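User: I am new to this structure and want to see how its labels are earned. Please take me through the reasoning step by step.

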Amino acid sequence: MSTATGGDTQPPELHVADSHDLIRVHGARENNLKDVSIEIPKRRLTVFTGVSGSGKSSLVFNTIAAESQRLINETYSAFVQGFMPTLARPEVDVLDGLTTAIIVDQQRMSADPRSTVGTATDANAMLRILFSRLGEPHIGSPNAFAFNVPTVRATGAIAVGDKKAVKQSFTRTGGMCARCEGRGTVSDIDLTQLYDDSKSISDGAFTIPGWKSDSWWTVRTYAESGLLDPDKPIREFTKREMQDFLHREPTKVKVEGVNLTFEGLIPKIHKSFLSKDREAMQPHIREFVDRAVTFTTCPECDGTRLSEAARSSKIEGISIADACAMQINDLAAWVRGLQERSVAPLLTALQHTLDSFVELGLGYLSLDRASGTLSGGEAQRVKMIRHLGSSLTDTTYVFDEPTIGMHPHDIQRMNDLLLRLRDKGNTVLVVEHKPETIAIADHVVDLGPGAGTAGGSVCFEGTVEGLRAGGTVTGRHFDDRAALKETVRESTGKLEIRGAATHNLQDVDVDIPLGVLCVVTGVAGSGKSSLVHGALVKTPGTGGEGLVSIDQGAIRGSRRSNPATYTGLLDPIRKAFAKANGVKPGLFSANSEGACPNCNGAGVIFTDLAMMAGVATTCEECEGKRFQASVLEYHLGGRDISEVLAMSVAEAEEFFGAGEARLPAAHRILDRLADVGLGYLHLGQPLTTLSGGERQRLKLAVHMAEKGGVYILDEPTTGLHLADVEQLLGLLDRLVEAGKSVIVIEHHQAVMAHADWIIDLGPGAGHDGGRIVFEGTPADLVADRSTLTGEHLAAYVGS
């Protein structure tokens with residue numbers, strides 16, 4: 001082997017495989033993107049920022065991540081692709097240099113009653129194996145500890161081909177509690193909310209939403225089944241009739257020659273309402289369910305969801321139910337203390353998963369916590385668990401505002417995680433508004449300059465220092481800091497909370513001042529939501545009356561839903577069109593009589609191509625306007641209904657504010673939409689295209705119409721750009737000045753600094769929290785600096 005020598009050494013030539021160090025996007029046009037072309041460095045941390053609605057999610061999620069996932073799906077066989085969701089190719093000319101994308105978004109986790117933090121992260125699966133190996137007494141396989149697996153016993157004859165039938169028996173031992181079927185709660189239905197027993201079925205006894213007296217699938221089945229007397233008051237039913245009416249198993253009956261299924265009222269209510277996600281229900285249906293159904297802890301399993309046998313098997317005196325109910329940081333300590341060589345690899349994997357919870361600031365959760373109760377920020381961090389410690393490199397991780405719901409104390413932890421992922425050789429793309437996270441970026445892409453049609457362009461690309469010096473909206477507001485108020489408002493009264501013990505609250509006594517802006521803060525898991533949503537709303541004397549509570553629940557809406565339908569704005573507009581033209585209001589709904597017959601009012605034709613991506617094409621008949629041609633001949637103020645729905649909120653506010661189209665009912669709703677900073681939204685824009693920040697503010701605009709003296713807001717800065725926070729503070733001030741009391745659960749220091757009164761919970765999370773650690777003005781909190789919040793707020797305001 002020889003070694004080359006010489007003084008004139010040349011640097012090694014770059015290998016062609018090492019030249020692909022950029023993700024190139026050319027001509028991106030998804031949603032509001034305007035032919036965007038950018039180059040993103042690989043193996044670096046790139047933060048995408050810009051005002052809400054500027055196109056960040058359209059570029060990162062709907063273009064880059066979507067195309068990566070689509071290309072990965074295409075590597076599977078056509079057979080496998082038939083079972084996978086179809087993904088359309090994004091509107092973009094060139095996408096080059098993509099790597100496998102792992103998306104960690106803010107979507108709430110499944111609200112299925114059997115989905116828990118443990119089942120969502122595989123921690124439960126590992127615990128079940130652990131107890132099936134070490135638990136005493138031994139009761140069976142891991143299935144015996146699974147609350148989603150029922151115990152099944154069956155006997156029958158089995159014949160294979162032409163062979164003689166052989167008697168076989170089958171037994172599977174599951175861990176599901178038979179009484180509650182693994183839900184942990186049992187429901188009790190208040191029959192008085194289902195029907196008026198003084199009336200007969202024919203007289204309209206049913207009081208269930210949607211059950212009209214002439215509806216085929218419900219009322220007429222009961223009235224004409226032949227099993228009940230439809231003209232007899234329900235209270236006069238015989239014992240047999242009452243049993244059939246309430247509990248009969250599904251039975252085929254014939255009504256006017258049509259075969260229908262008769263089923264007892266209680267099982268029918270269970271199938272129609274209780275088996276569905278409560279949050280996905282329409283408001284009036286949800287109100288009915290809340291009124292008619294009460295859920296109580298299952299008396300047989302005491303809410304653990306597990307059978308008695310599963311609870312009887314223990315390791316060192318701890319059952320699997322006990323383990324799942326522990327706070328995760330306590331469970332991690334217990335698992336660390338188990339010394340059993342036969343299951344050492346399992347203990348190592350379980351320990352890593354539990355430590356990841358603690359590292360992400362989620363050690364206060366328990367594995368039996370229903371996943372549907374997690375906030376958006378908590379859900380996103382739970383999804384991250386499986387990626388911590390992953391051996392994958394050269395992967396693209398895509399995060400959607402990972403600091404949402406985080407106390408300033410926890411944001412540093414998240415930043416460290418993002419940098420660790422990058423340092424392992426991964427490309428990290430983050431959509432973010434928080435300056436603390438933007439500050440750690442290697443590369444920044446700022447979109448704008450405005451929102452909606454005023455956005456969709458790249459305003460800046462480069463370093464954080466370059467962003468600060470740039471003239472973009474983000475650059476100008478990057479170092480904004482809200483100052484402490486010189487004077488604070490005096491309260492006009494108080495809401496007393498005494499002995500609050502919801503979740504981790506430790507017998508809390510506190511007075512919440514009225515007539516001011518009161519901020520409830522503290523680290524994640526300290527008990528803020530438990531105090532406000534759990535204790536305050538149920539406090540005697542408030543009874544929930546006069547309280548307008550706006551939580552973090554997601555807006556449910558299909559592609560047919562839009563701001564006009566969601567806010568109720570379309571109703572007065574339809575009536576005004578109908579009155580001006582002497583026709584029915586239903587003509588002016590694209591979901592009703594006025595819909596284009598070709599696309600059924602969708603405006604586009606969807607073509608399902610099985611395992612290939614479906615295609616959406618603009619309807620040729622209505623040209624995407626969604627209405628019949630005859631409907632578009634009717635005008636109000638010189639505009640047809642499709643032109644009105646194409647208006648922005650700001651345009652519509654002017655249109656319905658004066659002249660022939662003056663419509664006060666519509667104008668009031670539009671004013672509220674403009675107040676919350678949604679003036680750029682189009683009235684007919686599908687809700688499915690709105691960003692998280694836009695949906696949050698849309699909910700706020702709707703709730704502002706409710707008559708209430710006390711407004712409760714849960715992290716209203718979620719998804720808000722630095723420049724928009726100032727507008728939100730102005731809105732909160734206007735609510736207080738209008739005589740309202742505003743209570744805000746919030747981590748954002750600008751909102752804390754702007755408050756009249758602060759209630760800080762802690763000092764830690766879970767059982768280390770649940771206490772009031774400070775009450776007073778923001779200035780006193782900064783001067784005191786006795787809590788984590790006080791330290792971070794002092795640093796924020798520069799004290």
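Analyst: Start with one residue. Apart from neighbours within four places in sequence, H352 contacts L388 and G389. The model is a predicted one.

User: What makes L388 and G389 contacts of H352?

Analyst: Contact means heavy atoms within 4.5 Å. L388 and G389 meet that for H352.

User: Where is H352 found?

Analyst: H352 is in helix α12, residues 344–359. The C-alpha atoms of H352 and A123 are separated by 10.0 Å. Along the chain, these two are 229 residues apart.

User: Why is H352 called partly exposed?

Analyst: Its relative accessible area is 38%. Buried means under 20%, and exposed means over 50%. The value for H352 lies in between, so H352 is partly exposed.

User: Why does R785 get the label partly exposed?

Analyst: The reasoning is alike. R785 has a relative accessible area of 40%. Partly exposed is the range between under 20% and over 50%, so the label fits R785.

User: What is the phi of R785, and where does R785 lie?

Analyst: Phi of R785 is positive, about 50°, although R785 is not a glycine. R785 lies in the loop between α27 (778–784) and α28 (788–797). N600 is also a residue other than glycine with a positive phi, near 55°. N600 is in the loop between α20 (570–581) and β22 (604–607).

User: How do you know that T474 is buried?

Analyst: The relative accessible area of T474 is 1%. The cut-off for buried is under 20%, so T474 is buried. T474 sits in helix α17, residues 473–477.

User: Which residues does T474 touch?

Analyst: Leaving out residues up to four places away in sequence, T474 touches T49, G50, D446, L467, H721 and L722.

User: How many aromatic pairs does the structure hold?

Analyst: There are 12 aromatic pairs. One of them is formed by F131 and F145.

User: Why is the pair of F131 and F145 called tilted?

Analyst: First, the distance. The ring centres are 6.0 Å apart, and the limit for a pair is within 6.5 Å. Next, the angle. The planes are at 45°. Stacked needs under 30 degrees and edge-to-face needs over 60. The angle of F131 and F145 fits neither, so the pair is tilted.

User: Which parts of the chain does this pair link?

Analyst: F131 is in helix α4, residues 123–134. F145 is in the loop between α4 and β6 (152–158). The two are 14 residues apart, and the pair links distant parts of the chain.

User: Why do F131 and F145 count as buried?

Analyst: F131 has a relative accessible area of 0%. F145 has 2%. Buried means under 20%, so both F131 and F145 count as buried.

User: What makes the pair of Y222 and F262 edge-to-face?

Analyst: The rings of Y222 and F262 are 5.1 Å apart, centre to centre, with 65° between the planes. Edge-to-face means planes over 60 degrees apart, so the pair earns that label. Both Y222 and F262 are buried.

User: Why is the pair of Y222 and F262 said to tie parts of the chain together?

Analyst: Y222 lies in helix α5 (residues 219–223), while F262 lies in strand β10 (residues 258–262). These parts are 40 residues apart in sequence, so the pair ties them together. Ring pairs also link Y222 and F262 into a cluster with Y195, F206, F237 and F245.

User: What makes the peptide bond from G448 to P449 cis?

Analyst: Its omega is near 0°. P449 is in the loop between β16 (443–448) and β17 (457–462). Another cis peptide bond joins G762 and P763, with omega about 0°. P763 is in the loop between β26 (757–762) and β27 (771–776).

User: Now the whole chain. How many helices and strands does the protein chain have?

Analyst: The protein chain has 28 helices and 27 strands.

User: Why is the protein chain called as compact as a globular protein of that length?

Analyst: Its radius of gyration is 30 Å. The globule rule gives 28 Å for 799 residues. The two values are close, so the chain is as compact as a globular protein of that length. Of the 799 residues, 50% count as buried.

Methods:
Residues are numbered from 1 along each chain as its sequence is written. This is a predicted model: local features need pLDDT of at least 70, side-chain atom pairs count only at pLDDT 80 or more; totals for chains, interfaces and linings use all residues. Side-chain values use heavy atoms; hydrogens and water are left out. Helices (H or I, at least four residues) and strands (E, at least two) are DSSP runs, numbered from the N terminus. The radius of gyration is taken over C-alpha atoms; the globule rule is 2.2 Å times the number of residues to the power 0.38. Buried means under 20% relative accessible area, exposed over 50%, partly exposed in between (1.4 Å probe, protein chains only).
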